[in-house]
Amino acid sequence: MDFVFVEKLLVGLLASVVVAIVVSKIRGRKLRLPPGPVPIPIFGNWLQVGDDLNHRNLAAMAGKLGEIFLLRMGQRNVVVVSSPPLAREVLHTQGVEFGSRTRNAVFDIFTGKGQGMAFTVYGDHWRKMRRIMTVPFFTNKVVQQYRAGWEAEAAFVVDTVRADPKAATEGVVLRRHLQLMMYNNMYRIMFDRRFESVDDPLFLRLRALNSERSRLAQSFEYNYGDFIPILRPFLRGYLRLCKEVMETRLKLFKDYFLDERKKLASTMAMDSSGLKCAIDHVLQAQQKGEINEENVLHIIENINVAAIETTLWSIEWVLAELVNHPEIQKKLRDELDTVLGVGHQITEPDTHKLPYLQAVIKEALRLRMAVPLLLPHMNLHDANLAGYDIPAESKILVNAWLLANNPEQWKRPDEFRPERFLEEEKRVEANGNDFRYLPFGVGRRSCPGVILALPILGITIGRLVHNFELTPPPGQDKLDTTEKHGQFSLHILKHSTIVAKARAF
Ligand code: HEM
């Protein structure tokens, strides 16, 4: 054998071994992970911290572990961020790196593995969905087009409650009426449709399916199968139920709303003047081949979940705080009387003239944040945060509630005190201009629906407080404001009965 050839072969082999060793050293270098409790094999920290990773429990852990910490939930890494500078890093500076969403077996079913917008990874599909949804849903033009409808729906609630003789004595569960109102507010935008009453059979079916979807998705019951993949087979029954609910829901959206709208649209001229409601715009994108019917159905699904429930929970929280703080309720009513005149029914343009109303809404969104950990973010690739290594596909929770309720950052944060937003915090807005206050998030994945949510809240709260004195039911001096948490939701546990005494105008 040629000596030179053997020499080359040996040098080549040696070089490959050296390269392999260097690569394995680099790959296997010890990661510098964020601090956290010491995990045990298989379970990680799950048995130590339990299932309920709600904003308050996570705030208590941040007190011990610091502004960034890591929990190993079985196989999953959960990184919790609790300071304004780190929120800025995740949501803004490294917004692309941390701009995806985590998935799990249950969410894969409900989101069709990210067919819509809210639960899809950051990338081309998300950008396309956001573009397609912006014109029909998320602009001031939409607010101007639909505000009269929202005012009519709020008036309908006021009239229904006024007509109920029990309202002024025993009280009524206002939520029932407000829920119908929120469905109508959103179904007007989507389909130009509304439901006649809380007993409308189609509304009842839709509501039952949506609330079952929420229960199944927000529950902690399925954590074990999510955290420890070898236990996934035990989730089979749960996942089957999720699938059934999802299929029935999508079929309902299709049969009763989408196909109806298509039929109607086929009889109208589909030029730009023929476009009427949001789904017409979305269907145009489908006709152009930009999206398919499944995407269309998931847009409807996203609005049902992201828009209706969050806004309804927030309205309920504002009302509960106003009932429990009669002096604040009176001050708000006085503002409405003084600025608008006694008996004048508030409209969307009026909401901009009412600083105390705005402050009341902001304060409720601060203390009782409907989405207190934002929607879970995720880094698709290995990343670095505050000098720590964050392994790819970690779930990143920003504890927005703690940012807005930290006594080191806010004056007496546990008090419901709207005045703070007219005094020491008067520059703070809900659009994310201050990283201590992010009820709608900020940056690429922030809530695009804020543009609709704030006027709807203003009109609804304004109408109710202007038309009624709202008090707890007889025998109670306060409403029960116990919180109910889900995977990332926060709503009031008991849908309170509220006495609504109509004012005479
Ligand atoms: C008071 C009511 C609402 C609150 C508190 C709220 C809050 C939020 C929050 C915290 C996020 C996640 C931000 C993040 O992960 O960084 C979000 C996302 C989202 N919200 Fe809202 N929201 C409300 C109303 C609405 C409405 C009315 C709509 C639609 C009309 C809407 C549509 C969405 C969508 C589509 C996303 C996902 C955005 C994305 O992933 O890119 N929301 N919302």
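Let us start with the helices around the ligand: α13 (293-324) and α18 each supply at least two residues of the shell that surrounds it. Of these contributors, α13 gives the most, with 5 residues. Please keep in mind, as you look around, that this is a predicted model.

Where does the ligand sit? Its place is the largest cavity. Around the ligand you will find 23 residues, and the closest are Arg-101, Trp-126, His-377, Arg-445 and Cys-447. Trp-126 is a good residue to look at next, since one of its polar side-chain atoms lies 2.8 Å from an oxygen atom of the ligand. The backbone takes part in this picture too: a backbone N or O atom of Ala-118 is 3.3 Å from an oxygen atom of the ligand. At Ala-306, a polar backbone atom lies 3.4 Å from a nitrogen atom of the ligand.

Now let us turn from the ligand to the aromatic rings. A pair of aromatic rings is described by the distance of the centres and the angle of the planes. The structure holds 19 aromatic pairs. One of them joins Phe-43 and Trp-46, with 6.4 Å from centre to centre and 35° between the planes, a tilted arrangement. Are these two residues buried or exposed? Phe-43 is partly exposed because its relative accessible area is 30%, whereas Trp-46, with a relative accessible area of 12%, is buried.

A further pair to find is that of Phe-421 and Tyr-437: the ring centres are 5.2 Å apart and the planes meet at 50°, so this pair is tilted. Both residues belong to the loop between α17 (400-404) and α18 (450-467), and the pair links distant parts of the chain, with Phe-421 and Tyr-437 16 residues apart. Phe-421 has a relative accessible area of 3% and therefore counts as buried. Tyr-437 is buried as well, at 0% relative accessibility.

Rings can also join up beyond a single pair. Which residues do ring pairs link into a cluster? They are Tyr-183, Tyr-187, Phe-191, Phe-195, Phe-203 and Phe-257.

Our last stop is where arginines meet rings. Arg-194 lies over the face of Phe-156, 5.0 Å from the ring centre. In another place, the charged end of Arg-162 sits over the ring of Phe-468, at 5.9 Å from its centre.

Definitions and conventions:
Residues are numbered from 1 along each chain as its sequence is written. This is a predicted model: local features need pLDDT of at least 70, side-chain atom pairs count only at pLDDT 80 or more; totals for chains, interfaces and linings use all residues. Side-chain values use heavy atoms; hydrogens and water are left out. Rings of Phe, Tyr and Trp (its six-membered ring) pair if their centres lie within 6.5 Å; planes under 30 degrees apart count as stacked, over 60 as edge-to-face and the rest as tilted. Buried means under 20% relative accessible area, exposed over 50%, partly exposed in between (1.4 Å probe, protein chains only). Helices (H or I, at least four residues) and strands (E, at least two) are DSSP runs, numbered from the N terminus. A charge sits over a ring if NZ of Lys or CZ of Arg is within 6 Å of the ring centre and within 35 degrees of the ring normal. A residue is near a molecule or strand if one of its heavy atoms lies within 4 Å of it. A polar contact is a pair of N or O atoms within 3.5 Å; within protein, one must be able to donate a hydrogen and the other to accept it, and residues adjacent in sequence count only if both atoms are side-chain atoms. On a 1 Å grid over the protein atoms alone, a cavity is a set of points where a 1.4 Å probe fits but cannot get out, and a pocket is an open set with protein on both sides within 12 Å along at least five of seven lines; lining residues have an atom within 4 Å of a point. A molecule sits in a cavity or pocket if more than half of its atoms lie within 2 Å of its grid points.
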